[in-house]
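Student: Hi! Could you walk me through this protein? I'd like to know what to look at.

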Amino acid sequence: MKKLIAVLTAGAMGAAVLSGCGGQTKETAAESAAETVAETESAAPEETSGESEAAGENGSGLDKLVFTYVTSPLNVPSIIEKDQGIFTDVFGDMGISVEYAEITSGADQTQALASGDVQVLYAVGSSSVILSAANGADIKVVDMYSRSPGAFCLYTKDESLTTPESLAGKTIAGPVGTNLHELLAAYLATADMTIDDVNYVNMSIPDAMAGLEGGSLDVAMIAGATAYQAEQSGYHLIADGEGLIDADIAVAVTGEFYEEHPEIIEKLVEAQERIADFMENNHDETMEIVAQALDLDKAAVEEMYGDYDFSIEVTDKDKEGFQKTADFMLEAGMIENELDVNSLFVTAE
């Protein structure tokens with residue numbers, strides 16, 4: 001039987017790897033192999049019961065969890081978690097290994113969650129969650145990751161651009177469907193203007209900054225360290241997100257995962273609390289770790305850190321922020337139907 005299991009495992013992994021061009025990753029291949037082993041073991045429980053018990057000490061049936069890992073613009077909890085090995089420690093006690101997927105695009109994150117390649121979106125924007133749900137995906141918010149409206153900015157070289165009206169006809173670039181997109185729309189709305197009143201170009205933050213530096217753009221929509229560097233370089237701040245957007249970032253899983261693995265959710269919240277405790281009780285060390293991870297001066301991290309609220313508790317204000325974003329996305333034509341964001345939230349016990 002053990003030889004048969006080994007043969008089946010090798011075959012499953014080989015087939016999964018060969019189908020990688022269809023979207024499967026190495027992690028997916030490993031999962032397929034694990035499923036084959038599990039099916040074979042179930043056919044001979046008298047020979048494999050000990051191995052089955054070792055695979056999941058708390059009855060989760062999981063031997064691995066994949067978390068998204070995104071450090072920008074200033075994702076301090078993610079950096080501290082990985083540096084301190086907190087997820088590995090917490091879930092290792094359950095016999096579960098931890099892996100990371102460095103996926104920076106919100107759309108790619110939610111797709112990876114839906115496909116099962118990732119189990120936990122550890123830092124996903126509210127707009128990405130809303131768009132995924134609006135498209136029929138099974139996604140739920142476990143708790144919050146951060147809020148940082150002041151970290152999202154509109155910068156320019158032209159100091160005459162001081163009002164929404166002054167932006168009319170200007171070429172403005174930044175990533176579509178993000179907090180920055182919402183910021184631009186909210187800022188223009190204060191003068192009864194819309195995105196149609198400017199020449200908006202969908203562009204990544206680094207490319208937008210490069211465009212501003214090169215003179216091809218009038219305004220760059222940037223955030224985090226890039227915004228800090230723009231300020232230090234003397235660029236003119238038109239507006240940031242304070243009073244205009246909430247810039248909510250959350251932690252999300254599928255609804256199915258939440259229902260089937262309450263013990264995992266409990267441990268996830270426990271791990272987040274440990275991360276928060278480390279950040280609170282080891283401030284200087286936290287700043288040094290983050291500065292090294294982002295290749296920034298400690299003073300720069302210290303200054304930006306004040307723009308962030310990393311509390312994990314979901315508040316009524318957070319839900320209001322999500323609803324505001326959903327309404328913006330509806331008006332912008334990014335989603336087709338109204339969405340009650342209360343349906344997105346769960347309460348971890």
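Tutor: Let's go through the chain, its pocket, one helix and the cores, keeping in mind that this is a predicted model.

Student: Okay, how many helices and strands does the chain have?

Tutor: There are 15 helices and ten strands in the chain.

Student: And what share of the residues is buried?

Tutor: Of the 349 residues in the chain, 50% are buried. The contacts also say something about how the chain folds back on itself. Taking contacts between residues at least 6 apart in sequence, 78% join residues at least 24 apart.

Student: Cool. Now the largest pocket: how much space lies in it?

Tutor: About 1,100 Å³. Its lining is made up of 44 residues, and those nearest the centre are Ser-72, Thr-104, Ser-105, Gly-106 and Thr-178.

Student: How does that lining split by class?

Tutor: It has 22 nonpolar and 22 polar residues, with no charged ones.

Student: Which helix gives the largest share of the lining?

Tutor: That's H6, with six residues. H6 spans 106-115, and other elements supplying at least two lining residues each include strand E3 (121-125), helix H7 (126-134) and helix H8 (179-189).

Student: Let's stay with H6. Which of its residues are buried?

Tutor: Gly-106, Gln-109, Thr-110, Ala-112 and Leu-113. These sit on the same side of H6, because they cover an arc of only 155 degrees around the axis.

Student: What's on the face turned away from that side?

Tutor: You'll find the exposed residues Gln-111 and Ala-114 there.

Student: And what covers the buried ones?

Tutor: The cover includes strand E1 (64-68), E3, H7 and strand E10 (248-253).

Student: New topic: which residues touch the most other members of the largest nonpolar core?

Tutor: Phe-67, Phe-87, Phe-91 and Leu-167 do, in a core of 72 residues. Helix H12 (residues 262-281) provides the largest share of this core, eight residues.

Student: Is there a second core, and what does it include? I mean, which residues should I click on?

Tutor: Try Ile-103, Ile-130, Ala-252 and Val-341, which belong to a second, separate core of 26 residues.

Student: Back to Phe-67. What is it in contact with, leaving aside neighbours within four places in sequence?

Tutor: Two of the phenylalanines I listed, Phe-87 and Phe-91, are among its contacts. Phe-67 also contacts Val-98, Glu-99, Tyr-100, Ala-101, Val-120, Tyr-122 and Leu-268.

Student: Great, I'll go and find those in the viewer. Thanks!

Definitions and conventions. Residues numbered from 1 in each chain as written. Predicted model: local features only at pLDDT ≥ 70, side-chain atom pairs only at ≥ 80, totals over all residues. Heavy atoms only, no water. 1 Å grid on protein atoms, 1.4 Å probe; cavity = no way out; pocket = protein on both sides within 12 Å on 5 of 7 lines; lining within 4 Å. Points joined across faces, edges and corners; volume = space filled by probe spheres on them. Helix = DSSP H or I, 4+ residues; strand = E, 2+ residues; numbered from the N terminus. Nonpolar A, V, L, I, M, F, W, Y, C, P; charged D, E, K, R; others polar. Core = buried A, V, L, I, M, F, W, Y, C linked by side-chain atoms within 4.5 Å. Buried < 20%, exposed > 50% of the residue type's maximum accessible area, 1.4 Å probe, protein only. Contact = heavy atoms within 4.5 Å. Arc of directions from axis to C-beta.
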